[in-house]
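Trainee: Before I rely on the labels attached to this model, I would like to set them against their definitions. Could we go through them one by one?

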Amino acid sequence: MLALATAAATVAAAGPAPASTAASTLTQQSQHPVAPSYTNPLKLALPSGAQAESCADPDVIHGAGADRHWYLYCTSDALTASELGPDGKPVLHNVPMFRSLDLIHWSYQGDAFPTKPSWVSGFLWAPEIVYRNGQYRLYYAASDTSLPGGGSAIGVATSASPTGPWSDSGQPVVEPQGPVGGRRWIFDPEVLTAKGVNYIYFGSYFGGVAVRTLSADGLSTDPASQKQVAIDNRYEGTNIVVHNDWYYLLASATNCCNGPLTGYSVFAGRSRSPLGPFVDRDGVSLLAGRVGGTPVLAQNGNRWVGAGHNTVITDFSGQQWMIYHAVDRNDPYYAGNVGYTKRPALIDPLDWKQGWPMVRGGRGPSDSPQPGPAAQPGERTAYRPRFVVEPRPTRLYKSLSDEFRSDTLSSQWTWIRQPAAGSYRLDDGQLRWQTQAADLHPPATPLASVLAEPAPAGNYVVETKVRVTTPPEGCCFNYVQGGLVIYNDDGNYLKLASVSIWNTRQTEFGKQVSPVPAGYPSYGNAVVGPVGVTAYLRIVRQGERYTSYTSLDGKRWDKGATWTQASTPNTKIGLISMGGAGFSSNFDYVRVSRVHFAPEASGKSGW
């Protein structure tokens, strides 16, 4: 809390305060009105009385000077399914703007761009709002331009008011890059001023994330200053948070807009410099082929999936909050437009533990009433961090666990589609299984083999250690992988694997579903923590919720996304080695254990 932190700093400077003074400070704090509670998503009221159904890639700023309002900006999208244009399709609004006094209830203030800037031929995405020198600057990604050769770029418009009217600069702040036909994705601007220098971050999967110095007026950049800060094929939606003299790069990964199977999640790396290098909790760089990133926000098994593309604000009590978009897996699409994913805006507190950020003490997105933010001076939030104690394995199911110390497979295992003779062996305490030029994605063929055993009834933990022998760097070995599956049948399973994705090596937690309604996806994926020479993979079952964990050493684990899947009498635990021939998945063990779920911990946010 800001008031208590200030009091603590005064005590540190002047010596211990009398007990009566400390008590008085706490009494004054307790007399501040408590901010109201909220339930996600944010309430975005339109003039018609309807609620806006989507606010993707949200950004928020508090008004300058005596202005008591907060302002919210959204990527260009339809606001409702019912507002249709002459073509019968939902009307697209170019950067909708909203205003609020409490950060929960918002009113529509129009579109920032009633008409697109003349040099923009594509969409206006991912707004970034800043206030500098008495002027609001609204940055945006132009998905395509009418400039020679086309390509995406970053633009900016300015105004004396947070709701415009906006005057576009008429040219890119960051220009299109790369050869025609293979342009880099210049998306998702993020502006930072540090030690008197302005920076702008940008980029996405095709080309990765980079940073440049930004001019004093915010209208241009120096191409010679460009520096890569995250590898391609992993991150987008950069947000920079400064905490205890560290610069934290928060960014999102995987498909943003995959309906009920969206697995978008937020990760972090940190650096002492705004120019990087940014490394995760394990010291792995976001530039590495075995790409780094510590999970910050991931879906937890409630209705919200695909939580990401965030911004961070600090309320008037000193508590930080993450505002981000997500997908309601029970209502993922605009009515009448299957495939057009709605991404409403959510808010939840951001906490810090041992120098790393996490949302709601590690719980992820909320879908029940929560203590609200202190959106106005004099308010206080009732929120207090309570950190999750992660479940841990206890007693082994010995009949379901295997250290692979024999020279033949144990009788617990059965093959679903026997692999080719000589393509696997047990040797030196490992199951060494050649990767197959096959997949588990019917109706595509050939279908990969699964080495399977019965799953236990009730909750459990399954863990393996695997090394996939693809090179640590370089492209391309798509999508060679080895790992675990929770297998109902070929069309219904969960998969946690070490996988090669273009020039990166990642851990992926995927879900396959069939049959699905027309137009719906059958596969979705999230990614988890970094891959080392080997990957430790763990799935924890709690009812119908299965949560992914990965580790570099088998001791400190990164928690990733949760998928839900119904269990059947035939549900199996399995191993896979697939995605392309020429390599091997070497498994050290499979351990299936009972699981202990500890009571929730409580305490301060830490340093």
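Mentor: Let us start with β12 and strand β13 (residues 197-204), which pair in the antiparallel sense over 5 bridges. The model is a predicted one, in which local features need pLDDT of at least 70 and side-chain atom pairs count only at pLDDT 80 or more, while totals for chains, interfaces and linings use all residues. Residues are numbered from 1 along each chain as its sequence is written, and side-chain values use heavy atoms, with hydrogens and water left out.

Trainee: Why are β12 and β13 called a pair?

Mentor: Two strands pair if DSSP finds at least two bridges between them, and β12 and β13 have 5 bridges, so they are called a pair. At the level of single residues, Thr193 has Asn198 in β13 as its bridge partner. Strands themselves are DSSP runs (E, at least two residues), numbered from the N terminus.

Trainee: What makes β12 an edge strand?

Mentor: The open sheet has 4 strands in the order β12-β13-β14-β15, with antiparallel pairing. Its edge strands are β12 (190-194) and β15 (227-230), each of which pairs on one side only. From one strand to the next, the twist averages 30 degrees, where axes are lines fitted to C-alpha atoms and angles run from 0 to 180 degrees between N-to-C directions.

Trainee: Why is the contact of Arg417 with Asp490 called a salt bridge?

Mentor: The term requires a side-chain nitrogen of Lys or Arg within 4 Å of a carboxyl oxygen of Asp or Glu. The closest N and O atoms of Arg417 and Asp490 are 2.8 Å apart, so the pair qualifies as a salt bridge. Arg417 lies in the loop between β25 (414-416) and β26 (424-427), and Asp490 in the loop between β30 (481-489) and β31 (492-501), so the salt bridge ties together parts that are 73 residues apart in sequence.

Trainee: How do you know whether Arg417 and Asp490 are buried or partly exposed?

Mentor: Buried means under 20% relative accessible area, exposed over 50%, and partly exposed in between (1.4 Å probe, protein chains only). Asp490 has 16%, so Asp490 is buried, whereas Arg417 has 28%, so Arg417 is partly exposed.

Trainee: What makes Lys465 and Asp588 a salt bridge?

Mentor: Their N to O distance is 3.7 Å, so the side chains of Lys465 and Asp588 meet the salt-bridge criterion. This pair links distant parts of the chain, with Lys465 in strand β29 (residues 460-468) and Asp588 in strand β38 (residues 584-596), 123 residues apart. Lys465 is buried, with a relative accessible area of 18%. The structure holds 16 salt bridges.

Trainee: Why is Thr562 called buried?

Mentor: Thr562, which lies in strand β36 (residues 557-564), has a relative accessibility of 5%, so Thr562 counts as buried. Not counting residues up to four places away in sequence, Thr562 touches several residues, among them Gln299, Phe509 and Thr547, where contact means heavy atoms within 4.5 Å.

Trainee: What makes the link between the side chains of Thr562 and Thr547 a polar contact?

Mentor: A polar contact is a pair of N or O atoms within 3.5 Å; within protein, one must be able to donate a hydrogen and the other to accept it, and residues adjacent in sequence count only if both atoms are side-chain atoms. The two side chains make their contact at 2.7 Å, so the distance between Thr562 and Thr547 satisfies the cut-off.
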